[in-house]
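Hello,

Here is the structure I promised to pass on to you. Have a look at it first, and then read on for what I found in it.

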Amino acid sequence: SYEETVQILIKYMKSADSLVRIEIVQTFEKILSGLGNAGQSVHKDIYKQLKNLIQDRVLEVRYYSIKCLCEMMK
């Protein structure tokens, strides 16, 4: 299920490099856009991760995090 997928990605993100973090954030964005309001059960977990990634040292990670937050607001 998507909830398990999000939890696995969150665990993996802690030890991932910047390129993998970008891919994970893009996956979050696609999950959120595909599920719409049905994905509200994972919004809180994804938001916590994105909040930390906005302060990342790599510009692309920050960009995709903000882009994912914009998708979450829709």
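Before we start, one term: a helix here is a DSSP run of H or I that is at least four residues long, and the helices are numbered from the N terminus. Please also keep in mind that this is a predicted model.

With that term in hand, let's begin with Ser18, which lies in helix H2. Is Ser18 buried, partly exposed or exposed? Its relative accessible area is 22%, and buried means under 20% while exposed means over 50%, so Ser18 is partly exposed. Leaving out residues up to four places away in sequence, Ser18 touches Val58 and Val61. Lys74 is another story: 56 residues separate Ser18 and Lys74 along the chain, and their C-alpha atoms are 26 Å apart.

Now for H2 as a whole. This helix runs over residues 18-35, which makes 18 residues. From the first C-alpha to the last, H2 reaches 26 Å, close to the 26 Å expected at 1.5 Å a residue. Just after H2 comes Gly36, with a positive phi of about 65°.

Which residues of H2 are buried? They are Arg21, Ile22, Ile24, Val25, Phe28, Glu29, Ile31 and Leu32. As you look at their spacing, it helps to know that an α-helix has 3.6 residues a turn, so residues three or four places apart point the same way. The buried residues of H2 pack against three helices: H1 (2-13), H3 (40-53) and H4 (59-73).

That brings us to the core. The largest nonpolar core has 19 residues, and Val6, Phe28, Ile46 and Leu50 have the most contacts inside it. H1, H2, H3 and H4 each supply at least two residues of this core, and the largest share, six residues, comes from H2. Try selecting Phe28 in your viewer: not counting residues up to four places away in sequence, Phe28 touches Val6, Leu9, Ile10, Met13, Ile46 and Cys68.

Next, look at how the helices are arranged in pairs. H3 and H4 pack at an angle of about 150°, and their axes are 9 Å apart. Angles over 145 degrees count as roughly antiparallel, so that is the label for H3 and H4. H3 passes H4 in a left-handed crossing. On the H3 side the contact is made by His43, Ile46, Tyr47, Leu50 and Leu53, and on the H4 side by Val61, Arg62, Ser65, Cys68, Leu69 and Met72.

His43 of helix H3 deserves a closer look. Because its relative accessibility is 19%, His43 counts as buried. Its contacts, leaving aside neighbours within four places in sequence, are Leu32, Gly36 and Met72.

The other pair is H1 and H3, which pack at an angle of about 20° with axes 10 Å apart. These two helices are therefore roughly parallel to each other. H1 passes H3 in a left-handed crossing. Here Tyr2, Glu3, Val6, Gln7, Ile10 and Met13 of H1 meet Ser41, Val42, Asp45, Ile46, Gln49 and Leu53 of H3.

Last, find Ser41, also in helix H3. Ser41 counts as partly exposed because its relative accessibility is 45%. Ser41 and Glu3 are 38 residues apart in sequence, yet 7.7 Å apart in space, C-alpha to C-alpha. Leaving aside neighbours within four places in sequence, Ser41 is in contact with Tyr2 and Glu3.

Enjoy exploring, and write back with any questions.

Best wishes

Note on methods
Residues numbered from 1 in each chain as written. Predicted model: local features only at pLDDT ≥ 70, side-chain atom pairs only at ≥ 80, totals over all residues. Heavy atoms only, no water. Expected span 1.5 Å × (residues − 1). Buried < 20%, exposed > 50% of the residue type's maximum accessible area, 1.4 Å probe, protein only. Contact = heavy atoms within 4.5 Å. Core = buried A, V, L, I, M, F, W, Y, C linked by side-chain atoms within 4.5 Å. Axes fitted to C-alpha atoms, helices over the stretch in contact; angles between N-to-C directions. Parallel < 35°, antiparallel > 145°, perpendicular 65-115°, else oblique. Left-handed = near helix turned anticlockwise from the far one by under 90°.
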